[in-house]
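Student: Please give me a close look at the salt bridges of this structure, with the setting of each partner. I would like one connected account rather than a list.

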Amino acid sequence: MEPLTQPDDHREWHQQFDPIPGMDAWAIDFWRPNWTGLLGHLEQMSWPFPDSLQVLLRDQDDVCFGLWMLHGGRLKEVPLPGTVRVTDDVAPLGSRLARTDEEGCPVT
């Protein structure tokens, strides 16, 4: 994680991760849309245990965090019960994460 905790003007995104006290985890807070390239950057890193890498990602239009894990060298979202991705042309991923038990959810 050390390279991700240091400033780097060569990355598409310029913030850095900070450790979460008391946990073996790190966090970063982005302002849309400046997390472009993050997932691709994380995919290219050499992880000691790539099968255990978990990325929790919540865009400003998502109602909850989505879980992303490495599968075949690519970060892919793991479907979570009670959630669905809804097309949204404004969102950076082209969709937003919605809960299926919320009123007004287009998919039930």
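Tutor: Happy to. A salt bridge here is a side-chain nitrogen of Lys or Arg within 4 Å of a carboxyl oxygen of Asp or Glu. Please keep in mind that this is a predicted model. Searching the whole structure turns up five salt bridges, among them the three I will describe.

Let us start with Asp62 and Arg85, whose side chains meet in a salt bridge with an N to O distance of 3.7 Å. This pair ties together distant parts of the chain: Asp62 sits in the loop between strand 3 and strand 4, while Arg85 belongs to strand 6 (residues 83-87), 23 residues apart. The surroundings of the two partners can be read from their accessibility. Asp62 is buried, because its relative accessible area is 3% and the cut-off for buried is under 20%. Arg85, at 26% relative accessibility, counts as partly exposed.

Arg85 has another partner as well. With Glu77 it forms a salt bridge in which the closest N and O atoms are 2.5 Å apart. Glu77 counts as partly exposed, because its relative accessibility is 24%. Through these shared partners, salt bridges join Asp62, Glu77 and Arg85 into one network.

A further salt bridge is found between the side chains of Arg74 and Glu43, at 3.2 Å from N to O. This pair too links distant parts of the chain, with Arg74 in strand 5 (residues 74-78), Glu43 in helix 1, and their positions 31 residues apart. Glu43 counts as buried, because its relative accessibility is 14%. In general, side chains of opposite charge can pair when their charged atoms come close.

Glu43 also leads us to the nonpolar part of the structure. Leaving out residues up to four places away in sequence, Leu75 touches Glu43 along with Leu39, Leu42, Leu53, Val55, Trp68, Met69 and Leu70. Leu75 is itself one of the residues with the most contacts inside the largest nonpolar core, a set of 16 residues; the others named for this are Leu4, Leu38, Leu42 and Trp47. Helix 1 (38-44), strand 3 (54-57) and strand 4 (66-71) are the elements that give two or more residues to this core. Helix 1 contributes the most, with three residues.

Now step back to the chain that holds these pairs. Its elements are one helix and seven strands, which run β-β-α-β-β-β-β-β from the N terminus on. The C-alpha trace spans about 40 × 30 × 25 Å along its principal axes. Of the 108 residues, 31% count as buried. As for links across the sequence, residues 24 or more positions apart account for 30% of the contacts that have a separation of 6 or more.

Finally, here is the charge picture as a whole. The chain carries 8 positive and 18 negative charges, and the mean positions of the two sets are 5 Å apart. About 7400 Å² of the chain is exposed, with 53% of that area supplied by carbon and sulfur atoms. If you want to trace the pairs yourself, begin at Arg85, which meets both Asp62 and Glu77, and then turn to Arg74 with its partner Glu43.

Conventions:
Residues numbered from 1 in each chain as written. Predicted model: local features only at pLDDT ≥ 70, side-chain atom pairs only at ≥ 80, totals over all residues. Heavy atoms only, no water. Helix = DSSP H or I, 4+ residues; strand = E, 2+ residues; numbered from the N terminus. Buried < 20%, exposed > 50% of the residue type's maximum accessible area, 1.4 Å probe, protein only. Contact = heavy atoms within 4.5 Å. Areas by Shrake-Rupley, 256 points an atom, 1.4 Å probe, with all protein chains shown as cover. Lys, Arg positive; Asp, Glu negative; His and termini not counted. Charge placed at Lys NZ, Arg CZ, Asp CG, Glu CD. Core = buried A, V, L, I, M, F, W, Y, C linked by side-chain atoms within 4.5 Å.
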